[in-house]
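Me: I would like a close look at one part of this model, the surroundings of the ligand. Please go through them in one connected answer.

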Amino acid sequence: MREEKPDLDTAYALETPDDNRALYAGWAETYDATFAQEMDFLMPGHVARLFDGHGGDGPVLDAGAGTGLVAGEILRRRACDIDAFDLSAEMLAVARSKGFYRRTIEGDLTAPLPFATGSYNAVVSSGTFTHGHVGPEALDELLRVAAPCALFVLTIKTEHYDTRGFAGKFAALSPAITGFETVQLPIYGPGATGDHKDDQGVIAVFRKA
Ligand SMILES: C[S@@+](CC[C@H](N)C(=O)[O-])C[C@H]1O[C@@H](n2cnc3c(N)ncnc32)[C@H](O)[C@@H]1O
């Protein structure tokens with residue numbers, strides 16, 4: 001396992017789940033202040049707004065939930081049951097301390113998920129489908145654990161949408177999903193600084209058929 005220094009460049013340079021565990025173990029306590037607030041991280045709010053606007057309902061699976069920023073944004077808009085799933089025990093400990101989640105579950109999105117088929121009425125994810133984190137292969141299991149008509153709202157870093165196979169994966173999944181649409185939005189707000197301040201994200205919104 002590599003020793004990682006917690007910042008955005010290091011996050012984008014990760015390669016394996018063990019790299020992710022090492023980085024986020026050291027970042028969990030300061031992630032909200034040194035990343036989300038300093039970079040004016042907009043994706044959790046974008047996801048919650050789209051979830052709410054499309055009539056999303058619980059139980060919700062927050063895939064790569066981290067410290068719980070998406071749940072905080074959803075719960076500001078509507079009450080619902082949300083489960084957090086993440087590779088990092090330390091990120092989940094911070095999420096749990098906020099009291100947002102029904103359950104927090106440690107696990108790997110690139111492996112078979114520990115949920116029964118059709119368990120969730122929605123799947124949301126912010127900041128996790130990106131280079132060095134989770135690729136499009138995770139979508140098959142997320143679809144399996146979703147109920148028929150479940151709403152998906154997933155962010156994908158724009159520069160990886162085509163090059164890392166997300167566009168092709170969504171095309172291949174078209175018989176299994178309905179109402180597929182994408183919107184491209186800034187990942188960071190006006191308060192962001194540094195090389196990544198103008199980065200864009202694709203948000204894919206669809207329902208399981
Ligand atoms: C940039 S953070 C985003 C956290 C949160 N969703 C947010 O918007 O602030 C990425 C998260 O993905 C998690 N992660 C990375 N690889 C993963 C995997 N294979 N399975 C589950 N979670 C993973 C990390 O532990 C980390 O908490």
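Which side chain has an N or O atom 2.6 Å from an oxygen atom of the ligand? Please start there and then describe the rest of the shell.

Reply: The model is predicted. The side chain in question belongs to Asp86, one of whose N or O atoms is 2.6 Å from a ligand oxygen. Ser126 also reaches a ligand oxygen through its side chain, with a polar atom 2.7 Å away. Leu109 makes its contact through the backbone instead: an N or O atom there lies 2.9 Å from a nitrogen atom of the ligand. The ligand on its own has 600 Å² of accessible area, and the protein covers 97% of it.

The shell around the ligand holds 21 residues, and those that come nearest are Tyr31, Gly64, Asp86, Asp108 and Ser126. By type, the shell is made up of 10 nonpolar, nine polar and two charged residues. Two of the elements that supply at least two shell residues each are helix 2 (17–27) and strand 4 (120–129). Strand 4 contributes the most, with three residues. As for the site as a whole, the ligand takes up the space of the largest pocket.

For the wider setting, an unreviewed UniProt entry annotates residues 60–148 as "domain: Methyltransferase". Over that range the chain is 28% helix and 29% strand, and the C-alpha atoms at its two ends are 13 Å apart.

Key. Residues are numbered from 1 along each chain as its sequence is written. This is a predicted model: local features need pLDDT of at least 70, side-chain atom pairs count only at pLDDT 80 or more; totals for chains, interfaces and linings use all residues. Side-chain values use heavy atoms; hydrogens and water are left out. UniProt positions are given in the numbering used here, feature names are shortened, and annotations may be inferred rather than shown by experiment. Helices (H or I, at least four residues) and strands (E, at least two) are DSSP runs, numbered from the N terminus. A residue is near a molecule or strand if one of its heavy atoms lies within 4 Å of it. A polar contact is a pair of N or O atoms within 3.5 Å; within protein, one must be able to donate a hydrogen and the other to accept it, and residues adjacent in sequence count only if both atoms are side-chain atoms. Accessible areas come from the Shrake-Rupley method with a 1.4 Å probe; for residues, only the protein chains shown count as cover. On a 1 Å grid over the protein atoms alone, a cavity is a set of points where a 1.4 Å probe fits but cannot get out, and a pocket is an open set with protein on both sides within 12 Å along at least five of seven lines; lining residues have an atom within 4 Å of a point. A molecule sits in a cavity or pocket if more than half of its atoms lie within 2 Å of its grid points. Ala, Val, Leu, Ile, Met, Phe, Trp, Tyr, Cys and Pro count as nonpolar, Asp, Glu, Lys and Arg as charged, and the others, Gly among them, as polar.
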